[in-house]
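The paragraphs that follow lead through one protein model, taking its sheets, a helix, some backbone details and its enclosed space in turn. Please keep the sequence and the coordinates at hand while reading.

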Amino acid sequence: MSDGTQHGERPGRHGEKSAVVVGGGLAGITAALSLADAGVRVTLLEGRPRLGGLAFSFQRDGLTVDNGQHVYLRCCTAYRWFLDRIDGAELAPVQARLDVPVVDVAKPAGRRLGRLRRDALPVPLHLGRSLATYPHLSLAERARVGRAALALKALDLADPALDAQDFGSWLAAHGQSERAVEALWDLVGVATLNAVAGDSSLGLAAMVFKTGLLSDPGAADIGWARVPLGELHDTLARKALDSAGVRTEVRTRVTSIQHNENGRWTVQVPGETLDVDTVVLAVAQREAHDLLPEGALDAPERLLEIGTAPILNVHVVYDRKVLSTPFLAALGSPVQWVFDRTEASGLGGDGQYLALSQSAAHDEIDEPVAALRERYLPELERLLPRARGAGVRDFFVTRERTATFAPTPGVGRLRPGARTRIPGLYLAGSWTATGWPATMESAVRSGVGAAGAALGALGRPRHHLFDVEEAA
């Protein structure tokens, strides 16, 4: 490892504070930047050969492939701040106004395409025309959706009782048919929560819909990277970390963390020992559990009770253009969301590269590629008429078996805050108590929260931090 002296302690100015951030995903990058911007000397340690956590890119046959499609919403103010901080906002713009094509392959031709879009009107009128003309629900179902939305808007997100209920039962109690759940509530909820309504905490689901659809007219406008995720979360993030003076080490696994009698911390990695004032653990919940010193949490076993949920991504490269919109959502099909990744991947010529994002993929995550190919290529032909007869240049899948924490009822009581019981040790990660489901927004918010708590204890300024509470 580079630039380490005895016990990993580099000479510094009198009174300089030091920190180690364990984990180079969005939470860890955010925490490291926030600490460094306050004058703390930071070392960021990541076990993988790259930064970015589960939002990364790799090379395949000349293409740059994202492991999965990641989007965010205009209401994701912390992630937008993060993009600004790494000079990446222009590379992941937000659509001017929410517009989602929704195709139902089970409907007759004249009823196949619907759209979820907003108007420039105040909440909740901004979605009124879209809901009134949404062809995938009956007139009565649309009216009941409106009433359920108003009931959802009235829920108090601070009420802990919401966490114990499931969203599906709440929807049924508020007159939502199975069709309404499929064609609207799960269309949005599965993509944001990584779970169907019946498996989701009402608290988290209410947070998603209240914030995204019922807070500000533009809150649900969709943003996504027009470049590979690795360019944002690895290349640009590394540049920002370097400019902030952060020492970044990849391919470096932390083997132990120890709190010393003098109040400082010893972080052990192969070949080096780092002696610092504070530590931020920004890793997955199971890894955090294994690294936590005794006494750090009242009930550390709760971290192991936080379940995980998979996401399957299906990648298809055609020899011609078959999709004319940047993305679309599907009903009446195993296909959930389809995205055009042609330009971002670097694919030249007349071909087109599509990525299918399949959330809550418990039943498919371990299926063989051949079986998935046999299922999804005909489905794409049903969904996209121009795919019929198009040549398939490549078909492959990427699997994230533990893509997110599972947003099951009761998960809220298991999610710890940023502070632990031992001074100088903090937790970050989308699975911590941010109030958000497992999203890039939650990861960034957790990094800000951990850094803010650490800086307060270190007596360092916090005015530069993104204001999570004000944004909420």
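A residue is called buried when its relative accessible area is under 20%, exposed when that area is over 50%, and partly exposed in between, with a 1.4 Å probe and the protein chains only. Helices (H or I, at least four residues) and strands (E, at least two) are DSSP runs, numbered from the N terminus. With these terms, strand 14, which covers residues 308–318, has 10 of its 11 residues buried, so it is largely enclosed by the rest of the structure. This is a predicted model, in which local features need pLDDT of at least 70 and side-chain atom pairs count only at pLDDT 80 or more, while totals for chains, interfaces and linings use all residues. Residues are numbered from 1 along each chain as its sequence is written, and side-chain values use heavy atoms, with hydrogens and water left out.

Strand 14 belongs to an open sheet of 7 strands, whose order is 7-6-15-16-17-14-18 and whose pairing is mixed. Strand 7 and strand 18 stand at its edges, and because each has a single partner strand, one side of each is left without a neighbour in the sheet. Ignoring direction, neighbouring strands of this sheet are turned by 25° against each other on average, where the axes are lines fitted to C-alpha atoms (for helices over the stretch in contact) and angles run from 0 to 180 degrees between N-to-C directions. Two strands count as paired if DSSP finds at least two bridges between them. On one pairing, strand 14 is joined by 10 bridges to strand 18 (residues 392–405), and the two run antiparallel; within this pair, Val314 stands opposite Val397 of strand 18. Strand 14 is also joined to strand 17, again antiparallel, by 8 bridges, and here Tyr318 faces Gln352 of strand 17. A parallel part of the sheet is found where strand 6 (residues 99–104) and strand 15 (residues 327–331) pair over 3 bridges, with Val102 opposite Ala329 of strand 15.

A second sheet can be followed in a similar way. This open sheet of 5 strands has the order 9-2-1-13-19, with parallel pairing. Its edge strands are strand 9 (247–249) and strand 19 (425–427), each of which pairs on one side only, and the twist averages 15° from one strand to the next. Strand 2 (residues 41–45) runs parallel to strand 9 and is joined to it by 3 bridges, with Leu45 standing opposite Glu249 of strand 9.

Leaving strand 9, the chain enters the loop that leads to strand 10 (256–259), and this loop holds Arg251. Arg251 has a positive phi of about 55° although it is not a glycine, and Arg251 is exposed, with a relative accessible area of 64%. Asn194, in the loop between helix 7 (178–193) and helix 8 (202–213), also has a positive phi, of about 60°, although it is not a glycine; Asn194, however, is buried, with a relative accessible area of 3%. Another backbone detail concerns Pro124, in the loop between strand 7 (113–117) and helix 3 (128–132), where the peptide bond from Val123 to Pro124 is cis, with omega near 0°.

Helix 14 (residues 440–458) has 19 residues and spans 27 Å from its first C-alpha to its last, close to the 27 Å expected at 1.5 Å a residue; the expected span is 1.5 Å times one less than the number of residues. Helix 14 is mostly covered, with 16 of its 19 residues buried. Just after helix 14, Gly459 takes a positive phi of about 75°. Further on, His464 sits in the loop between helix 14 and helix 15 (468–471) and counts as partly exposed at 24% relative accessibility.

What enclosed space does the structure hold? There are 2 cavities of 30 Å³ or more, a cavity being a set of points, on a 1 Å grid over the protein atoms alone, where a 1.4 Å probe fits but cannot get out, and its lining residues having an atom within 4 Å of a point. Grid points are joined across faces, edges and corners, and a volume is the space filled by probe spheres set on the points. The largest cavity contains about 60 Å³ of space. Strand 4 (63–66), helix 12 (342–345) and strand 17 (352–359) are the elements that give two or more residues to its lining, and the lining residues include Thr64, Asp66, Ala344, Ser345, Tyr353 and Ala355, with His315 and Arg341 also among them.

Note on methods. 1 Å grid on protein atoms, 1.4 Å probe; cavity = no way out; pocket = protein on both sides within 12 Å on 5 of 7 lines; lining within 4 Å.
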